[in-house]
Amino acid sequence: MATKGHLSAPVLWLLLLSIQVSLGADELRLSNGTGPCSGRVEVKHEEQWGTVCDGDWTIQDAEVVCKQLQCGSAVQALNRAPFGEGTGPTWLYRVDCRGDEPALWNCTHTGWGAFTCPHYFDIGVICSGFSGLRLTGGDTACSGNLKVKQEETWATVCFSHIDFKTASVICSELECGQAVDTLKGTHFGDRHELIWQEEFHCVGNETNLAHCPRNLHHTTTCSHDATIVCSGYGGYRLANGSTTCSGRVELLHGGTWGTLCDYLWDLPAANVLCQQLDCGVALRIPGGQSFGKGNGSVWNGTFSCKKNDPLLRGCPVSALGHDECPAGKDARVVCSGCPGGRLVNGTTCSGIVEIRHEGTWGRLCHSHWNLQAASILCRQLNCGYAKSIHMEDHSADWNGTIWRDAFHCEGTESCLWDCAQVTLGNPTCSAKEVATVICSGPAESLRLSSGESRCDGRVEISLHGMWSRVLDDDWNIRDAQVVCRQLQCGTAEKAYYLPKSERGMGLVGFRSVQCTGNETQLMLCKTYQYQTVPMGVSEDVGVICSGSKQIRLVNGTKRCAGRVEVYHDGIWGTICDDNWDLSDANVVCKQLGCGHAIEAFVSAHYGKGSGQIWLDDVNCTGAESDLWACPSRAWGQHNCQHKEDAGVLCSDFLALRLVNGNDCAGRLEVFYNGTWGSICSNRMTQLTAVTVCKHLDCGDGGEIAEDFEYGRGSGPTWLDHIECTEQHSSLWQCQSDPWDPQSCDNRAEETHVTCTGRKEATSPATFAKCPNSTSCSDREKLRVIGGDDECSGRVEIWHQGSWGTICDDTWDVADANVVCRQLGCGSAVSALSEAAFGEGTGPIWLEEVHCKGTELSLWDCPAKSSLGKNCDHKEDAAVNCSGMTETTAPPTRADPPRRPATDNTRLSMPVIFCIILGTLLCLVLAILARQIQRARAQQRDSRLSYDPFSEAVYEEIDYNLMREKQVVTYLSGLTLPVTTNTFTVPEISPLPENALENGYDDVTEAPGPKDASLYGQNEQEIIGPEESDRNKDSQTDWSHSMSQNRTPEAERPSSPAFEDTGYDDIEELGC
């Protein structure tokens, strides 16, 4: 029961409600505008209309007004009485809306009538008046009767309420291209439909119909509906092509796909369509019915596009409709399929290079640009090849983005984005230093396909927009010379027929080409069309031009390191390591855009190649632009085997790791310029940490650790301010400050990353599937067996199809450290010997491993091939690892190999044999020299007659013996003398004292120069190839070769310079 004298709560609510009803509800209106959805904002409160005053009236506030009045969306928020000054009180002042309030007075304000504001501060609003528009009843989604949505009902717009400019704005807003026509629709008659009450007066440059000026025009009916025809279609696609970027052009009309029939379809229109479909540029318009005949509808439309039109729907179209299409008039196109590249401020095929990243176009730095990447861009743009990357006259007025990307192309890529892309550490540049290119021009009618470059491969010719084969039964070097000249590929090196497995099956353009060799184009040679020549035995032909030479690095873990290979005469081949040094390696690194050389490797450090060995005795100064510009032996002339293949490590070789934790958590380090260093964390976001984890195959999540639990580094701090985006899958693609060994102010800025995932452990069963050493990574070719976990046990390596062990000779903690780190098992606790984890089986691949402890992998350490000659499985090496990865001091690859301690060195039988043999050889040569000198002295004292030829022979013998050199060769930590003279002694035996005296009577029988030459030649033919191998008696790099020591230099064939001297006739002289 309620307390006496007090009103209950329900009674109070009823009383308040009655007061509210008696006073009237608050209302909102727009006054003095062109219609109900524009004007001065007025509010009715306490039965009196008043205005709203706000010096900070925003579009967000206006949006609440338009929504409350069901007038669509807010177009403009206006202040200072744009629709004239109102009267009455200022009801609301300083209104602040979020945008989702149901009424204006629900927004924050100072209170009803709290402030009296002069009416010249009254605010106004222009609303769209409608919440949508569409074209209905037409043949396409871009034609039909104009309807606008008013509140919840679609209203018809009368033909008299629009004009052509209004139609243009409507077509643009609907993304339907340009307005083609405005037509009177059906007679309105007695239809009972809602009529739009405003006339539109657009200027033509408005982005939306709601922004156009309007006049109120009250009407209940109109004579005709407004019908608008736009040029655009509802959709575009290419059908029945071999790729998504080639085929027959189809358009979407009113939900139905149909073939475009265009009598005047041309390359500009096709180019616009390719760009609209993000398929690059149009390469050609194939003839005939290349992509079949469509079975659906046919839509007629003739597009007239210009070069700069961004969309096909934006091109003027002269006809629309639904009709049959004559054969061959359907639109077709083959696009490049390579988006995101263009040339500006020049011609179609020359200018400043721009690329697109995530929708933003920007320019590239000239310092990161090269001719090979430029040629790929020219090919991508259907502009032939790059003739130059230097343009003198280009505008420097540029305020846009300059990207730091560097593209490293091999030359066979179709698109620039197919090339290796490195951005990390690249410096930026000014607008005056941007990349440019001058392409050869629109693609030639001749090309070489399926080769390693544009200058070698199958000869093809373009006829009627289709690439066709060239067949010939008498193809020769004169024909090939014309092809190379036309393609500006240098001179012809080879004319050949393709093997059966590579012969084409397509159209034949030419058959039986006959050139004199002086023509500038193949078309100028005497040729026969395939229709006029009977079928014969003609075959597909190919050409190798001198411009096809290339260089690459093979079998390295990443770019900028590996075995050096050169492409010549249509074949990839290796380089012999004779005289191979940093000057030679520098030329290779510079040629490949890999910086400078850190190390010049010999003895097949990156594995033995196969096939041809192209160059030997390379002797570069370091200034050459190409390796083949350096002095060397002639192409293919060498005395090497593939165990002597040369390799390089360049400064731009990059690697990434997490240290002092595990594979997927630790302090972030990058390998650059031959050294591991830290990365600074300034401005680094979690997105960059995620990119690092993706890069290292450690899952799709990661975060920057803040507690510095992974310790501090000791090497350089290479990078700072790394910024990655969601588009980056590799850290190399992210932008950063330039490389600097002192990027961090202090070690507290080093980056520590923890990834959510872990690398999958590889089981021994997976390792066993490796077919050979070149198809597995270094990590996959190493394992430990027999221990308590995956970080302890007997060390085994995979080589030549089987697992084998390592002999414990000189095995120490430095060697074990490299093994543990490579396995992701931290540092070595101990290096064990004498089969501590049991004896292995199979071959014993290595002995005398000499790691410094800082190598990237065991494959970088000097070692000897064992093959079980000096060890058995009782001496198998083993390791115990900590299980947690630690940081290491930065490796210095220029350091000499660490020599084993003297007390650990074992002298093998081959070493002892070489010492004894060398000592005997030196003794014999000394005795021989003494005997010759003694004999000559006796000759001078007793001789009665003088024969000048005989004296010349012995003077030459003495001269060459005097030139004999003694060299010191390092062999397993020992030095011993080895002769390297070119004089060959047939038999090692001391001569009797009277031998030379008795031989003087026969001196006239010495053969002349001609006979001596023949004798030397025959002896050279007898010497086998095995006897001509050289001996590089140094620590053998065993990573892939596992080969024997080379044959000593003394067993090589004598050089041609000494073959004509008659040395081999000493025996006839009594020696």
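Start at the hairpin that joins S21 to S22 through 2 residues. The model on screen is a predicted one.

To bring up both arms, select residues 341-347 for strand S21 and residues 350-357 for strand S22. The two strands run antiparallel, and 5 bridges join them. For one residue pair in this ladder, pick Val 344; the bridge partner in S22 is Ile 352.

Next, go to residues 782-786, which make up strand S48, and add residues 792-799, strand S49. These strands also form a hairpin, here with 5 residues between them. Their pairing is antiparallel and covers 5 bridges. Select Ile 785 and look across to S49, where Arg 794 is the bridge partner.

Stay on S48 and show the side chain of Arg 783, which lies in this strand. Is Arg 783 buried or exposed? Arg 783 counts as buried because its relative accessibility is 15%, and the cut-off for buried is under 20%. Now display Glu 796 as well: a polar contact of 2.8 Å joins its side chain to that of Arg 783.

The last stop is Ala 836. Find this residue in the loop between strand S51 (828-832) and strand S52 (844-847). With a relative accessibility of 44%, Ala 836 counts as partly exposed, since that class lies between the 20% and 50% limits. To tie this loop back to the previous stop, select Gly 793 and draw a distance between the two C-alpha atoms. Ala 836 and Gly 793 are 43 residues apart along the chain, and their C-alpha atoms are separated by 8.0 Å.

Terms used
Residues are numbered from 1 along each chain as its sequence is written. This is a predicted model: local features need pLDDT of at least 70, side-chain atom pairs count only at pLDDT 80 or more; totals for chains, interfaces and linings use all residues. Side-chain values use heavy atoms; hydrogens and water are left out. Two strands pair if DSSP finds at least two bridges between them. Helices (H or I, at least four residues) and strands (E, at least two) are DSSP runs, numbered from the N terminus. Buried means under 20% relative accessible area, exposed over 50%, partly exposed in between (1.4 Å probe, protein chains only). A polar contact is a pair of N or O atoms within 3.5 Å; within protein, one must be able to donate a hydrogen and the other to accept it, and residues adjacent in sequence count only if both atoms are side-chain atoms.
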